[in-house]
Amino acid sequence: MSLINLAFKKAKNKKRPALLTYTVAGDSSKKKSLEILKSIAKYADICEIGFPHNTPIADGGQIQSSAYRALKNGIKIKDVFSIVRDFKRSATPKPIILMGYYNMIYQYGDNNFINICKKSGVDGLIVVDLPYPENKDFAKKCKKKNISFIQLVSPTTSLIRMKKIIMDSHDMVYYISMLSTTGGKLKVSPEKILKKYNKIKSLNKNKNIVIGFGITEKTIASLRKADGLVVGSALCKEISKSVENRQNPVTNVTNIVKRLRKKIL
Amino acid sequence: MIKLKKKIPLIDQHDKNGFWGGKFGGNFIPETLKKPVEDLSILFERLRYNKSFIKQRDYHFKNYIGSPTSFIKLQKLSNHLGGAQIYAKMVSEANGGAHKIYNATVHCLIAKKAGKKYVVGDTGAGYAGKMLSMAAKRFGLKCKIFMGAKDIKRQKPNVDAMKKNGANVVPVYSGSQTLVDAVSECMRYWVSNCDNTHMCVGSTVGPNIFVKICGWSTAQISRELKFQIQSEFKKIPKKVKLINCVGGGSSAYGFWSEFIDYEKKQIELIGVEAGGPRSSKLHAAPLTNGAKLGILHGAAAYVCQNSEGQINETDSISAGLDYPGVSPIHCFLKDTKRARYTSATDEHALDAYKLVTKLEKINPSLEPSHAFAEAIKIAPKLGKNTIIIVNSCGDAKKDRDILKARLGNNK
Ligand SMILES: Cc1ncc(COP(=O)(O)O)c(C=O)c1O
């Protein structure tokens with residue numbers, strides 16, 4: 001069983017959704033982002049790490065700020081992989097999902113990128129601007145290396161399309177809660193989101209479906225019926241705030257993740 | 001070897017995945033945009049073959065945009081340079097002052113058919129935004145325009161026009177605060193509002209369908225030009241050079257589309273990108289400088305970027321050309337060697353502007369001044385039987401402040 005599947009199973013056994021965090025590699029610095037990961041891993045089930053891009057067409061202000069900060073710090077793809085490696089060697093490693101835009105992978109070459117992912121211990125990949133069915137080839141290559149390619153489904157995805165996507169998906173499917181970039185305010189009621197979630201779930205009960213976008217300390221409890229919940233912008237925002245107030249982002253972000261975890265117990 | 005097909009419009013020479021030449025274009029978009037992009041594609045493919053829609057389009061092109069724009073000889077410039085005969089297609093006469101009105105008008109017509117109440121668009125020089133605000137007003141749509149903060153400062157006359165037309169101009173402060181950032185922000189806005197908002201991409205860039213709609217719209221320019229050349233010369237002359245500036249490439253595609261099937265020996269297509277300040281390494285000329293293939297704003301194309309795939313900052317005196325990417329159809333024209341691409345520096349464009357406005361009664365903006373720079377460079381070396389035609393696709397009123405700062409009050 002893959003580490004990602006295992007993480008979902010563990011959470012399910014405890015009758016709670018898996019908690020997935022998203023932070024940007026290199027934010028607020030290379031060292032700090034690794035420390036943040038190591039520290040929040042005590043409370044998170046799966047850690048998503050963004051590889052920062054300077055033209056992110058689907059990210060809102062908070063994740064953009066994190067990405068720009070990381071790039072300003074000189075973060076390179078090789079640093080992202082070294083963060084992953086170090087994290088995977090730490091005391092409490094969790095499954096790692098890399099998330100980013102296709103151009104960076106494209107410049108590396110699909111195979112080359114996937115090979116380095118494998119060597120570094122990456123468990124899954126989300127490529128924001130490589131939708132289905134364009135991602136079929138790439139997803140297959142990932143599967144060969146036992147890396148989960150994570151398909152996205154959104155409120156605009158038709159039922160026929162959804163069926164195809166679920167059929168071709170690996171361990172986990174990401175449901176985008178609303179029409180929004182990352183970091184938007186939850187503008188759809190949790191009931192509505194869960195209704196759509198249940199529809200997706202009913203297509204294949206064995207897939208782990210997570211919900212992301214707009215999830216904060218305020219909204220997380222209302223969605224706890226899902227297999228997993230992703231919190232990203234709220235953490236990136238906290239890093240920005242910590243930097244601004246000259247506080248330690250490691251403690252501050254960890255505290256949020258701790259509280260998020262409590263809310264879904 | 002990738003090849004062009006004859007008798008098929010270039011915008012339609014893509015494969016089922018949306019790629020020209022198997023690798024340029026496509027749809028690198030977030031899942032949320034898949035459905036709206038597909039809906040738009042279906043609607044457009046239906047409308048473009050619908051007689052009543054074509055009639056509507058042609059009505060607005062004629063009565064609103066003012067087609068055809070004139071085709072004139074620049075006799076004094078030709079005499080001064082003493083080589084090729086130089087002509088200009090005065091697309092700047094189009095309502096609003098540039099070719100961007102064609103795309104904007106068509107997009108608003110489509111938005112109405114789609115039942116959308118809002119349109120959103122990007123702009124660099126401000127022309128795409130100004131035109132969208134004009135057309136939106138005419139067709140009763142609410143309009144929002146994203147524009148880089150740097151461009152808002154340097155293209156004030158167009159910003160004023162947008163506001164006067166009731167558009168909401170949203171400044172973009174991220175990145176280099178120019179067109180690239182405006183397009184990104186516009187796409188983000190569409191991701192969040194695609195249920196009630198139509199997006200207009202201001203050039204032949206973006207996901208496949210936006211390249212097509214824009215090219216289909218500006219193609220009007222070359223339909224007029226072909227007719228005008230035939231009536232001026234009785235037939236298409238033996239040696240013609242069509243020179244056009246290239247930012248995203250909508251003006252150039254529109255200027256060339258009817259002539260792509262001709263032999264290069266007879267009709268040469270020359271695209272002029274922004275070379276940036278002479279003393280700077282920064283530029284906005286991906287085709288000229290051999291930039292690598294990459295993904296920007298939903299399409300694969302040559303793009304100024306570093307080895308990690310981060311998009312490079314660009315610099316150009318011309319906000320309309322100041323963009324790190326370029327249309328996939330121009331990449332295709334480059335690789336098939338049908339068109340030739342070069343660049344002009346800020347200084348060359350300014351010199352060209354000075355010379356052209358000194359000798360002729362026209363006032364090309366900084367974008368077409370790049371095209372004039374190339375015409376001025378090559379004309380003296382060519383014979384009198386060579387016909388150079390420059391697309392004077394924008395009016396310089398918007399560049400008032402830059403021209404004053406760079407050239408002083410006497411021009
Ligand atoms: C007058 C003018 N020419 C050219 C351009 C460049 O765009 P494109 O290459 O799509 O024609 C612009 C863009 O704003 C413009 O305003």
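Tutor: A salt bridge is taken here as a side-chain nitrogen of Lys or Arg within 4 Å of a carboxyl oxygen of Asp or Glu, and the model to which this is applied is a predicted one.

Student: Which residue forms a salt bridge with B:Lys6?

Tutor: B:Lys6 lies in the segment before strand S1 (19–20) of chain B, whereas its partner sits in the loop between helix H11 (250–256) and strand S10 (267–276) of that chain, so the pair ties together parts that are 257 residues apart in sequence. The partner counts as partly exposed, at 48% relative accessibility. The closest N and O atoms are 3.5 Å apart, and the residue that B:Lys6 meets is B:Glu263.

Student: Which residue of chain A does the side chain of B:Lys34 meet in a salt bridge?

Tutor: This pair crosses between chains, starting from B:Lys34 in helix H1 (residues 31–47) of chain B and reaching the loop between strand S4 (124–127) and helix H7 (136–144) of chain A. B:Lys34 counts as buried because its relative accessibility is 13%, under the limit of 20%. With an N to O distance of 2.9 Å, the partner is A:Glu134.

Student: Is B:Arg57, which forms a salt bridge with B:Asp58, buried or exposed?

Tutor: The closest N and O atoms of B:Asp58 and B:Arg57 are 3.0 Å apart, and B:Asp58 counts as partly exposed at 34% relative accessibility. Since buried means under 20% relative accessible area, the 8% found for B:Arg57 makes this residue buried.

Student: How many salt bridges does the count come to over all chains?

Tutor: Salt bridges also link residues into a network, made of B:Lys241, B:Glu268, B:Arg340, B:Glu374 and B:Lys377. Over all chains, the count of salt bridges comes to 39.

Technical notes. Residues numbered from 1 in each chain as written. Chains lettered and ligands numbered in written order. Predicted model: local features only at pLDDT ≥ 70, side-chain atom pairs only at ≥ 80, totals over all residues. Heavy atoms only, no water. Helix = DSSP H or I, 4+ residues; strand = E, 2+ residues; numbered from the N terminus. Buried < 20%, exposed > 50% of the residue type's maximum accessible area, 1.4 Å probe, protein only.
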